[in-house]
Amino acid sequence: MSLLRMIGALALLAGAHAAYANPCNVTIEGNDAMHYNLREITVPVECTEVEVMLKHSGRMSARVMGHDWVLARESDVSAIVNAGLAAGARRGYLPENDKRIIAATGVVGGGESAVVKFSTNMLQQGVRYAFFCTSPGHSTVMRGIFLFGGANTVARVR
């Protein structure tokens, strides 16, 4: 097979995988520079459950540069972050049994990952939610918008 045909075949396979990717499953990465690789996540209304995998693509340990992924209404972010600071590292900077938190992963360090699955029953179509990291000082730069029932786009870098 010629090189050009092989490249074409690989491109078709990659496109087919993207076309059949589950729009209810999202992978997001955090790194040692305190950044998520996504700024917006849109999940179709057909999803009754969402799975988010957080991967830490850096090398620093969770104690030094740990990240989590938390979902809540935009208006609740500051209060959750402040309550998380009070909860401390022992609790992963998450307030215990906080009803404002829709979903959250545990804290991960370099090379680690965590998964959270949650029902979309608590989400309202078209409402802007925020995802963010609750580690001290991280939420100002590690945050993005989560939309339920939006367009076909699943995840977007902005």
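Start at glutamate 49: its bridge partner in β6 is serine 119. Keep in mind as you look that this is a predicted model. Elsewhere on β6, valine 115 is the bridge partner of methionine 53. In total, β3 and β6 are joined by 7 bridges, and the two strands run antiparallel. As a rule, strands of a sheet pair through backbone hydrogen bonds, either parallel or antiparallel.

Now zoom out a little to the sheet these strands belong to. It's an open one of 3 strands, in the order β1-β3-β6, and the pairing is mixed. The edge positions go to β1 and β6, each of which has a single partner strand, so each has one side with no neighbour in the sheet. From one strand to the next, the twist averages 20 degrees.

Stay with β6 for a moment and follow its side chains, because they alternate. Ala114, Val116 and Phe118 point to one face and are buried. Ser113, Val115, Lys117 and Ser119 point to the other face and are not buried. That puts both bridge partners mentioned at the start, Val115 and Ser119, on the face that isn't buried.Where do the buried nonpolar side chains gather? In soluble globular proteins, nonpolar side chains tend to be buried together. Here the largest nonpolar core has 27 residues, and Ile28, Ile41, Trp69, Leu71, Phe118 and Phe146 are those with the most contacts inside it. Strands feed into this core from along the chain: β1 (25-30), β2 (40-43), β3 (49-56), β6 (113-119), β7 (128-132) and β8 (143-148) each supply at least two of its residues. Another core lies apart from it, with 9 residues, including Val70, Ile80, Val81 and Ala130.

For the chain as a whole, the secondary structure comes to 3 helices and 9 strands. Reading along the sequence, you get the pattern α-β-β-β-α-β-α-β-β-β-β-β. Of the 158 residues in the chain, 41% are buried.

The loops are worth a stop too. Take the one between α3 (77-87) and β5 (103-104), where tyrosine 93 is found. Tyrosine 93 has a phi near 55 degrees, which is a positive value in a residue other than glycine. Asparagine 97 lies in the loop between α3 and β5 as well, and its phi is also positive, near 55 degrees. Is asparagine 97 buried or exposed? With a relative accessible area of 69%, asparagine 97 is exposed, because the cut-off for that is over 50%.

Another loop, between β1 and β2, holds alanine 33. Its relative accessibility is 49%, so alanine 33 counts as partly exposed. What separates alanine 33 from valine 141 in sequence and in space? The two are 108 residues apart in sequence and 10.0 Å apart in space, C-alpha to C-alpha.

Finish at the largest pocket, which has a volume of about 180 Å³. Tyr93, the loop residue with the positive phi, is one of the residues lining this pocket. The rest of the lining is made up of Ala62, Arg63, Val64, Met65, Gly66, Ala89, Gly92, Val107, Ser135, Pro136 and His138. By class, the lining has 7 nonpolar, 4 polar and 1 charged residues. Arg counts as charged, so the charged residue in the lining is Arg63.

Technical notes:
Residues numbered from 1 in each chain as written. Predicted model: local features only at pLDDT ≥ 70, side-chain atom pairs only at ≥ 80, totals over all residues. Heavy atoms only, no water. 1 Å grid on protein atoms, 1.4 Å probe; cavity = no way out; pocket = protein on both sides within 12 Å on 5 of 7 lines; lining within 4 Å. Points joined across faces, edges and corners; volume = space filled by probe spheres on them. Helix = DSSP H or I, 4+ residues; strand = E, 2+ residues; numbered from the N terminus. Buried < 20%, exposed > 50% of the residue type's maximum accessible area, 1.4 Å probe, protein only. Core = buried A, V, L, I, M, F, W, Y, C linked by side-chain atoms within 4.5 Å. Pairing = 2+ DSSP bridges. Axes fitted to C-alpha atoms, helices over the stretch in contact; angles between N-to-C directions.
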